[in-house]
Structure formats: C-alpha cells, structure tokens
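Work through the exercises below with the sequence and the predicted model open side by side. Each task is followed by a solution that goes step by step.

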Amino acid sequence: MKKTNLRKVVAFVMSLCMLIGVLTGCGGPKVDAAGSCKAIYDLYILQDSKGVLDMGMEQSDADTALKTYDNTMASSIKNLFVSNGLTVDDDTVNEIVAAREEALSRLTCTTEITSSDKKTATVSLKTNYIDETGIATKASEDAIAQLEKEKETDTNKRIELISGFFAQNLIDGYKNSTPVDDQKELTIECSVTGNIWMPNDMTGYGTKLGQAVSGQ
C-alpha cells in the first residue's frame, strides 16, 4: 500500500464545499463575525445547522450543503482507495464517512473577535483535532500485518482482503479516536456581505479548517 494522505483529502473537500452565496440578510447582521465563523464550523465539523439557521440560512440549504459535503468526501475517499490500488464499495465508503463524522462530533472550538470596526473583523478560532494521519497509518500497518497472516496467494484475492482490512481498521480507528488536547488556531479575516458577517475567503477558510481538524 502507498502512503495514504487523508489530511490532504479533507482539506481539499472542505475547500470545495464551503458555503458561497446561500446566505443573505436584512436589517443588519444577526450574528457577529465570531458567531458566523463558529456557525460554519458547527455545520461542517459537528453536522449542527443551528448556527447557520440563526445567520439566516434556510434549513433546505443547510441540508443541501451537508449532503454535498458528504458526497464529495465519499467520492474523495473512494478515489483514495483506488489510487492506492485498493477496492471499496459504496456502502463501506459511507461507513467510513459516518465513522469520521462521529469522530469529528467530539471536537470543540472557540471563536473570539480580536479586532473589528463596522464592516471588517479579525476572528481567532481555536479547535482541537483528530490525528487523521495516525489513524490512517495505523489502519494501513495493521492491514498489512493482517494480510501477512493469511495463506492466500492469488493477487486479486489478496487485494480484496487487504482492502477490507484497511477499510474496517479505518472505521474502527475513527470510532475509537479521541480528540487531541492540543489546539490549532486559525486567524480569519471577515467582513459584512449582504448584511451577514462572513469570512473574506471562504475557500481559504475551508482549506484551513479542514487542515486544522485533521491535525495539520
């Protein structure tokens, strides 16, 4: 097996799926810049839409955003298997995505405005994280060890075996993971757009957030 790099996959997916153009407001922002950054974190990392609903997002838009994120993550994980010469079915990929979301649901973050005026603000976001590199590395190493215990010599069957071992180890790794106590800190520049506080660079925020929660 080649080295897996789930952290790059996560950062890439987050950059693709951040909310753009689905939030509008009237009568001034309902949530400050720190609250907006936290709401976006809660949506994608904790699968909690309450914050973005308070910002003015419709529930249907929140549901669509999460579905898009899940589908993109599933596709990226499947491609990761293929690029490593492994096989995986859609049901197993969905189990991996669900197990990862379970691991992320144990994370916490805080946000704080460090400077602001009427139209711009700088927000500090601090979050703990899961060690995705450690989870993937252990899953891979254990899968290789499991395969070595098998007597199978047929190449295709060996690929099928190690693919199954790796997938299950990955699922178990996520389910049994605990957040790393260390904190990752992001600095997010925000401004008022459409009467809502939003990060200036949503794609960049998504990339940095994906990196942070996966331990980069």
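**Exercise 1: Salt bridges**

A search of this predicted model finds six salt bridges in the whole structure. Take the pair formed by aspartate 42 and lysine 38, and work out where the two residues lie relative to each other and how exposed each is.

Solution. Begin with the distance: the side chains of aspartate 42 and lysine 38 meet in a salt bridge at 2.9 Å, N to O. Next, place the pair in helix H2 (residues 33–46), where the two residues are four apart and are therefore separated by about one helical turn. Finally, compare accessibility: aspartate 42 counts as buried at 10%, whereas lysine 38, at 25%, is partly exposed.

**Exercise 2: A second helical pair**

Repeat the analysis for aspartate 142 and lysine 138.

Solution. The salt bridge between these side chains spans 2.6 Å, N to O. Both residues belong to helix H6 (residues 132–148), again four residues apart, or about one helical turn. Aspartate 142 is partly exposed, with a relative accessible area of 28%, while lysine 138 is exposed, at 52%.

**Exercise 3: Cysteines**

How many disulfides does the model contain?

Solution. Apply the cut-off, which asks for two cysteine sulfur atoms within 2.5 Å; the count comes to zero. For cysteine 109, the nearest cysteine sulfur, that of cysteine 37, is 9.2 Å away. For cysteine 190 the nearest is likewise the sulfur of cysteine 37, at 3.6 Å, and cysteine 190 is in no disulfide. Cysteine 190 is buried, with a relative accessible area of 1%.

Key:
Residues numbered from 1 in each chain as written. Predicted model: local features only at pLDDT ≥ 70, side-chain atom pairs only at ≥ 80, totals over all residues. Heavy atoms only, no water. Buried < 20%, exposed > 50% of the residue type's maximum accessible area, 1.4 Å probe, protein only. Salt bridge = Lys/Arg side-chain N within 4 Å of Asp/Glu carboxyl O.
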